[in-house]
Amino acid sequence: METEVLVIGGGATGVGVLRDAAMRGFSSLLVERSDLAMGTTGRFHGLLHSGGRYVVKDPNAAKECIGENIVLRRIAADCIEDTGGLFVSLAGDDPDYPDRFVEGCHESGIPVEEISRSEALRREPRLNPKLESAFLVPDAAMDSWKTVWAGVRSASDHGGRALPYHKVESLVVDNGRVVGAVAQDVRSGEEVRIDAAFVLNAAGAWAAQVAEMAGAEGLAVRPGRGIMIAMNHRLVNTVINRCIMPSDGDILVPIRTVCVIGTTDEEVADPDDNEIPRDEVQQMLDAGEELVPGFREARPLRVWAGVRPLFQDARADITSTRDVTRAHAIVDHRERDGLGRFLTITGGKFTSFRLMAEDIVDAMCDQMEEIRPCRTAEEPLPDSEGGDYYWVGSRLQARDASLGEDQIICECEMVTRAPLEEALERRNTTNLDDIRRTLRLGMGPCQGGFCIYRATGILHESQKLDASTANGSLRSFLQERWKGVHPILYGDQFRQARFDEWVFQGLLDVEHLPL
Amino acid sequence: MIYDCAVVGSGLAGLCAALRLVEGGMRVSVVAKGTGSLHLGGATIDVMGYGPDPITSPRAALALLENDRPDHPYSRAGAEVVAEALTWFTGLSEDMVGDLRENMLLPTPVGAGKPTAVAPRSIASGDLRRGGSMVICGFRALKDLYPTYLAENLAKGAFGTEIDARAVTLDATPEGRVDANGLGFARAFESADFRTELVRQLGSRLNGVERVGFPAVLGLDRADEVRAELSAALEHEVFEIPTLPPSVPGIRLFRTLKRALGRLGCRITMGATVVGATTEAARVNDLHLDIVNRVARMSARHFVLATGGVATGGIGMDSYNRLSEPVVGLPVSFIPRSADHLFDPTYLASHPVGTAGVAVDPEMRAIDRSGEPLYDNLRVVGATVGGAEPWREKSGNGIAVATGFAAAKAILQSEGAWN
């Protein structure tokens, strides 16, 4: 295979880079070791920052956030729910912080409006009544899967292509330049050699591992693991931030039909470390209880851990076309390691993925001595052309329009049969977890208790699979799901899990199917 | 009116206990929060299917269990009482077939062969040990059974004999709906017109001596008649395969038991949540019922707690991972020592918390740590009883029948009314 630009990493940043490079007219190819948005992108709380969180601690990051917040609302409205955000100060919180917060918002250009205690409680009746002050900012919820899929569609409209399940095994270095990669198609086992004029490493928390394949040793990307818990209800309809110096468990994001509490921060050695420590779960529940009393009585659906890529490299000469901030960093390996045609982007956050892409493609153009301006801030993503945000009732509205015309396969998320068959065909996968992330199938309260059996039957039938392969798909979905539910099983969700066990083991006897 | 016995819960365990008690001449009241788990779980009485290897003879397995796992509910009741219970249950209806000598292997909705001791005749007719040819019929509009997938797994399975299975998908659907559940189909099957249409669609596609497997939706109150007529019209043996909930055969069994209770003057009060109990020393005096936000007290001389396990709310766990029995506040036993290891990271493995439940003595009375009964007149039955892993063992309904029966027997004996 041959391409001008090879992007490594299929998170929001990598897909952003693919789209950016493709829109500038480069032939572009992206490889990702698993499915798209499987790393940090698919494992965050879904907050589109206004920047309010960083105004005191990191004003540069704050300015970056509000700038991108405005851009993304313009180009990716269909991936955003305009929930707004509240910063709330509770009794006992640092009483000086709210003033510094408001001042910081003004300095960073973030619209902020103080609302009264009663107005805040009218807007969010479940909020802790002991709140002292409340400020409205333009935070929002953003669906990262939808964003990534729309980005890939946009990139492919411009000739870019993403190859999920292609794991880079080695980078090819010739004469001090990175000239391509050898990747393995992990589903077929086949090796693919990709020749590239330029290689962009957008592997985020895994960036050091990728850089090492080119001989660039010791890139200091420190994975910071944080856990998040999705609760069954939208306990709030506005993003809630604690108005304190950023800390653990101080964000509650309403997204789709759930709300997500996050997060913790634990430096880990391995970015694939997805452990969910029990004490961190308890810590999140306590934090949730402070924001929304009664939080522990609500029903948790799933817990996951994501790793932030924290960049702290002393050796790297950080280059960026705009003000250098600690938010994200581009590593030019020509200067750091004597490797040409190879750049790494890491650090950063979901909110700034488009800007990160712009910066690295700019840096690439500089090195190639090409002038090709970035257009990603102007051209909307597919389905966002109309500028309408999605809202929590969007699916119900769509489903209601065709009631009685199609079977509902997943009642919780209202996924019907036709889109399921279409996704199985388009994604050409036997992995039902890929379908879960594509359609939200099995993401509701029963966590696939009913729909995954149905999806397996439909997968088997429509993709003409061997029954053993379908059995494997069913069992691996159950195992994947279990990872995200067993650490938070209590209350009604423990009850649900036992009921699901009753269905899958007591009724179906899935554990004795031939594989 | 003071009842001889109040039974809490209208699942299989509660109904069995109540029925055996009224058969013994007692005045019994059944109170239940909802319709009970038979609507979900189904009507096959799996006694012991895996231990963890496949079990051929449940009777032999029960004998071994008494030695190996004295804490198991079957061992508590005693293998003899379990056998007595199953004989009693099978005798309730001509429709129930099977016994403890040998497990049948009955097709599940995915096409596994589940070891089952006793089952309704319509499901038992799908016994895979018989081998031979099968055609599995599904309906495009019924999303809870996939005939192609099911048939292919049956053909691959190891059931001792060869199964030759193929699939047919039919378009017949109640009132032209694209999405109908099992109950919708079951009601449709009671109409002669629907059956005629079905026979027209299917008849010419059958050959030889195939058994014809349908999702278990062949009628509700007139299921025997529906199946007999279909068999005759198709000129092939017809059997049923359970579906995802709602369980039509489970609802049939519920109705059968409810009618039997009704004939003996026992009523089921639905929509009554038991929220507490008044106890005095070693006796329960009354239960506190929440009936649409009005709290009423129900007195009785004996009580049977059949609220189910975790899945139905009979056992709860809070966010600090503390387990409880919410009605009477009975101690929950069989709890792993460390809250860090309640679950195994492998889904299909055995989970340490999986056996959690109330510990009982041979009379099904809840016991404390020293093994002494907590209340003389309170029995605990079904999935509320700990010490088993019902879904892994395939023992859920077997435990319900055995413990429900054992509790009734103990109560009747204590009243000198056992005969």
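Student: How many helices and strands are there in chain A?
Tutor: Good place to start! This is a predicted model, and chain A holds both kinds of element. The count comes to 15 helices and 22 strands.

Student: Why does chain A count as compact as a globular protein of its length?
Tutor: Compare two values here. For 515 residues the globule rule gives 24 Å. Chain A is close to that, so it is as compact as a globular protein of that length, with a radius of gyration of 23 Å.

Student: What share of the residues in chain A is buried?
Tutor: A residue is called buried when its relative accessible area is under 20%. Among the 515 residues of chain A, the buried share is 64%.

Student: Which three residues of chain A supply more than any other three of the area that chain A buries against chain B?
Tutor: Let's look at the interface as a whole before naming them. On each side, 56 residues take part in the contact between chain A and chain B. The buried area is about 5100 Å², with carbon and sulfur atoms giving 60% of it. Of the area that chain A buries, 15% is supplied by Tyr453(A), Trp502(A) and Leu507(A).

Student: Is Thr147(A) buried or exposed?
Tutor: Thr147(A) sits in helix α5, residues 144-157 of chain A. Leaving out residues up to four places away in sequence, Thr147(A) touches Cys79(A), Met142(A), Phe350(A), Phe353(A) and Leu381(A). Its relative accessibility is 3%, so Thr147(A) counts as buried.

Student: Where in chain B is Pro246(B) found, the residue that follows Pro245(B)?
Tutor: Most peptide bonds are trans. The bond from Pro245(B) to Pro246(B), however, is cis, with omega near 0°. Pro246(B) is found in the loop between β10 (238-241) and α11 (248-263).

Student: What is omega for the cis peptide bond from Gly262(A) to Thr263(A)?
Tutor: Thr263(A) belongs to the loop between β16 (258-262) and β17 (266-267) of chain A. The bond leading into Thr263(A) from Gly262(A) is cis, and its omega is near -10°.

Student: Is Lys464(A) buried or exposed, and what about Asn321(B)?
Tutor: Most residues other than glycine have a negative phi. Lys464(A) has a positive phi of about 50° and lies in the loop between α13 (451-462) and α14 (467-485) of chain A, while Asn321(B), with a positive phi of about 65°, is found in the loop between β15 (316-317) and β16 (323-324) of chain B. At 70% relative accessibility Lys464(A) counts as exposed, whereas Asn321(B), at 16% relative accessible area, is buried.

Note on methods. Residues numbered from 1 in each chain as written. Chains lettered and ligands numbered in written order. Predicted model: local features only at pLDDT ≥ 70, side-chain atom pairs only at ≥ 80, totals over all residues. Heavy atoms only, no water. Helix = DSSP H or I, 4+ residues; strand = E, 2+ residues; numbered from the N terminus. Rg over C-alpha atoms; globule rule 2.2 N^0.38 Å. Buried < 20%, exposed > 50% of the residue type's maximum accessible area, 1.4 Å probe, protein only. Contact = heavy atoms within 4.5 Å. Buried area = accessible area lost by both parts, 1.4 Å probe.
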